[in-house]
Amino acid sequence: MTRVRFAPSPTGMFHVGGARSALFNWALAEQSGGTFVLRIEDTDAARNRPEWTEGIISALAWIGINGDSPHFEGPYFQSAYEQQHREAAAKLLKDGRAYHCTCTRDEVKARTGSEHQGYDGFCRDRGLAEGAVRFRTPDDGVTVVEDKVRGRVEFPNSAMEDFVIVRGDGSPLFVLANVVDDMEMRIDRVVRAEEHLSNTPKQQLLWEALGAEPPQWAHVPVIVNEKRQKLSKRRDKVALESYRDEGYLAEAMVNYLMLLGWSPGDDREILPWSEMMPLFRLEDVNQSPAFFDEKKLRAFNGEYIRALPLDIFVARCEPWLDPSWDRGVFGRVAELAQTRIAVLSEITANVDFLFLEEPAFDQASWDKAMKPGAAEIISGYAERLETVSWDAESLKAALEEVGAERGLKLGKAQAPVRVSITGRTVGLPLFESIEVLGRARSLDRLRTTLTKLT
């Protein structure tokens with residue numbers, strides 16, 4: 001039974017790249033009837049904050065990876081396995097696969113004459129009983145990593161220095177702790193970002209030295225921005241939580257992330273998890289960098305929003321609706337709004353005019369719509385609204401008449417009316433909006449605009 005692991009470090013935000021790796025692991029666990037093991041790499045005291053760990057668990061749960069599934073296990077914490085880390089280091093020392101070292105970086109530089117050259121093996125045969133612990137790498141040959149994404153990758157052993165696995169203060173380094181944890185948790189597949197590929201030969205040597213079979217490796221491509229730079233939290237919008245809080249649907253985000261570096265093999269892109277999961281294969285993951293296109297994600301999200309049953313859409317909008325707003329009124333325009341928003345947070349700007357005393361004022365919209373002749377259009381339309389039948393078709397016909405009298409098509413005639421009614425140049429269908437707003441409030445807004453213009 002496959003056991004995969006996802007081992008993030010708490011950083012205060014959950015990177016979309018980490019979410020993509022988690023989903024790839026989750027697909028492998030589900031399709032094989034295996035287990036997804038969540039392990040928090042919490043040995044860095046500066047990052048060991050409970051709220052950050054809770055943020056990871058919450059973000060994973062949002063994209064469907066949580067303890068409600070029989071395939072989920074954890075969270076475990078790396079700090080809980082410190083004794084096993086120390087025991088592994090002691091075994092390597094006893095077997096002659098590691099040794100103590102007291103060299104400082106300055107001493108190595110002084111001996112080699114270069115600050116760029118790796119460790120020179122000075123303490124290999126000194127028989128020290130204290131200091132940091134270094135793993136004794138083979139002097140010749142190659143370490144071969146069989147990678148499910150990148151194929152056979154060879155690393156010359158002569159290019160690897162004797163790397164530190166335990167600090168001078170006795171605390172194990174990540175390279176050792178990670179291997180021991182995977183062994184303790186019986187992990188047989190490791191799927192992670194390609195930036196970790198350079199660590200893999202070291203970890204594979206540790207697996208072998210500790211007498212265990214290394215896992216099946218897979219290193220997935222880096223995710224880049226539109227400038228083909230690796231996504232960075234300092235520069236790019238990378239926090240999964242920010243997309244969640246903006247009103248992206250979890251199912252749309254899952255769909256999009258799964259396609260970063262992988263394709264189901266046909267022209268379909270909008271696919272539910274239940275269809276993507278059985279099709280996923282590590283061998284089909286592309287080696288090239290994957291472009292995180294926020295515009296495409298937005299389009300995906302719009303597709304998913306439009307596909308929601310209306311009652312579900314209404315429920316999903318709830319966090320963005322003011323508690324004082326009449327839900328009955330919102331229900332009358334919800335179906336219109338559903339076809340026009342790409343993220344749920346946009347619902348506010350689309351419907352707030354129905355609930356505010358006056359519509360929100362947007363200077364750019366005002367300047368664009370209130371051209372010469374706008375007052376005449378608004379005045380003529382207001383006259384007709386006093387007696388016209390109060391339905392969208394009649395309201396539209398009335399404005400068409402006003403425009404025709406002035407040689408204007410409906411598109412030109414409705415611009416100042418729309419801004420008067422809603423405060424913005426874009427939004428819900430105008431005449432349905434006027435119908436829901438009502439005669440008295442609509443007339444009041446048109447007259448208010450006339451006052452401003454004159």
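**Exercise 1. Is Arg228 buried or exposed, and what is its relative accessible area?**

Solution. The model is a predicted one.
- Step 1: locate the residue. Arg228 sits in the loop between E11 and H7.
- Step 2: read the accessibility. Arg228 has a relative accessible area of 52%.
- Step 3: apply the cut-off. Exposed means over 50%, so Arg228 is exposed.
- Step 4: check the backbone. Arg228 is not a glycine, yet its phi is positive, near 60 degrees.

**Exercise 2. Find where Arg186 lies, then classify its phi and its accessibility.**

Solution.
- Step 1: Arg186 is in the loop between helix H5 (174-184) and strand E9 (189-193).
- Step 2: its phi is positive, about 60 degrees, although Arg186 is not a glycine.
- Step 3: the relative accessible area of Arg186 is 54%, so this residue is exposed.

**Exercise 3. Describe the surroundings of Lys233.**

Solution.
- Step 1: start from the record. An unreviewed UniProt entry places the feature "binding site" at Lys233.
- Step 2: place the residue. Lys233 belongs to the loop between strand E11 (223-224) and helix H7 (240-246).
- Step 3: classify it. Relative accessibility is 47%, so Lys233 is partly exposed.
- Step 4: list contacts, skipping residues up to four places away in sequence. Lys233 touches Thr11, Met13 and Val238.

**Exercise 4. How many disulfides does the structure hold?**

Solution.
- Step 1: recall the chemistry. A disulfide covalently links the sulfur atoms of two cysteines.
- Step 2: set the cut-off. The two sulfurs must be within 2.5 Å.
- Step 3: test Cys101. Its closest cysteine sulfur belongs to Cys123, at 3.8 Å, so the pair is too far apart for a bond.
- Step 4: test Cys103. Its nearest cysteine sulfur is also that of Cys123, 3.4 Å away, and Cys103 is in no disulfide.
- Step 5: conclude. The structure holds 0 disulfides.
- Step 6: add the accessibility. Cys101 is buried at 4% relative accessible area. Cys103 is buried as well, at 16%.

**Exercise 5. Characterise the packing of helix H15 against helix H17.**

Solution.
- Step 1: choose the descriptors. A packed helix pair is described by the angle between the axes and the distance between them.
- Step 2: take the values. H15 (residues 374-385) and H17 (residues 410-422) pack at about 75 degrees, with axes 9 Å apart.
- Step 3: classify. Angles of 65 to 115 degrees count as roughly perpendicular, so H15 is roughly perpendicular to H17.
- Step 4: name the contact residues. On H15 they are Ala374, Ile377, Ile378 and Tyr381; on H17 they are Ala413, Pro416, Val417 and Ser420.
- Step 5: sort them. The contact of H15 with H17 has 7 nonpolar residues, 1 polar and no charged.

**Exercise 6. Repeat the analysis for helix H16 against H17.**

Solution.
- Step 1: H16 (residues 392-405) and H17 pack at about 105 degrees, and their axes are 9 Å apart.
- Step 2: H16 and H17 are therefore roughly perpendicular to each other.
- Step 3: Lys396, Leu399, Glu400 and Gly403 in H16 meet Leu410, Ala413, Gln414 and Val417 in H17.
- Step 4: the contact of H16 with H17 splits into 4 nonpolar, 2 polar and 2 charged residues.
- Step 5: set this in the annotated region. The unreviewed UniProt entry gives "domain: Aminoacyl-tRNA synthetase class I anticodon-binding" for residues 313-449. Over residues 313-449 the chain is 64% helix and 0% strand. The end C-alpha atoms of that stretch are 34 Å apart.

**Exercise 7. Which residues of helix H6 are buried?**

Solution.
- Step 1: H6 covers residues 200-209, and 8 of its 10 residues are buried.
- Step 2: the buried set is Thr200, Pro201, Gln203, Gln204, Leu205, Leu206, Trp207 and Ala209.
- Step 3: look past the helix. Gly211 follows H6 and has a positive phi, near 80 degrees.

**Exercise 8. Place Met276 and list its contacts.**

Solution.
- Step 1: Met276 is in helix H9 (residues 273-279).
- Step 2: its relative accessibility is 0%, so Met276 is buried.
- Step 3: leave aside neighbours within four places in sequence. Met276 then contacts Val254, Asn255, Met258, Trp262 and Leu271.
- Step 4: take a distance. Met276 and Ala334 are 58 residues apart along the chain, and their C-alpha atoms are separated by 30 Å.

**Exercise 9. What kind of peptide bond joins Gly74 and Pro75?**

Solution.
- Step 1: omega is about 5 degrees, and the Gly74 to Pro75 bond is cis.
- Step 2: Pro75 lies in strand E3 (residues 72-77).

Definitions and conventions:
Residues are numbered from 1 along each chain as its sequence is written. This is a predicted model: local features need pLDDT of at least 70, side-chain atom pairs count only at pLDDT 80 or more; totals for chains, interfaces and linings use all residues. Side-chain values use heavy atoms; hydrogens and water are left out. UniProt positions are given in the numbering used here, feature names are shortened, and annotations may be inferred rather than shown by experiment. Helices (H or I, at least four residues) and strands (E, at least two) are DSSP runs, numbered from the N terminus. Axes are lines fitted to C-alpha atoms, for helices over the stretch in contact, and angles run from 0 to 180 degrees between N-to-C directions. Angles under 35 degrees count as roughly parallel, over 145 as roughly antiparallel, 65 to 115 as roughly perpendicular and the rest as oblique. Contact means heavy atoms within 4.5 Å. Ala, Val, Leu, Ile, Met, Phe, Trp, Tyr, Cys and Pro count as nonpolar, Asp, Glu, Lys and Arg as charged, and the others, Gly among them, as polar. Buried means under 20% relative accessible area, exposed over 50%, partly exposed in between (1.4 Å probe, protein chains only).
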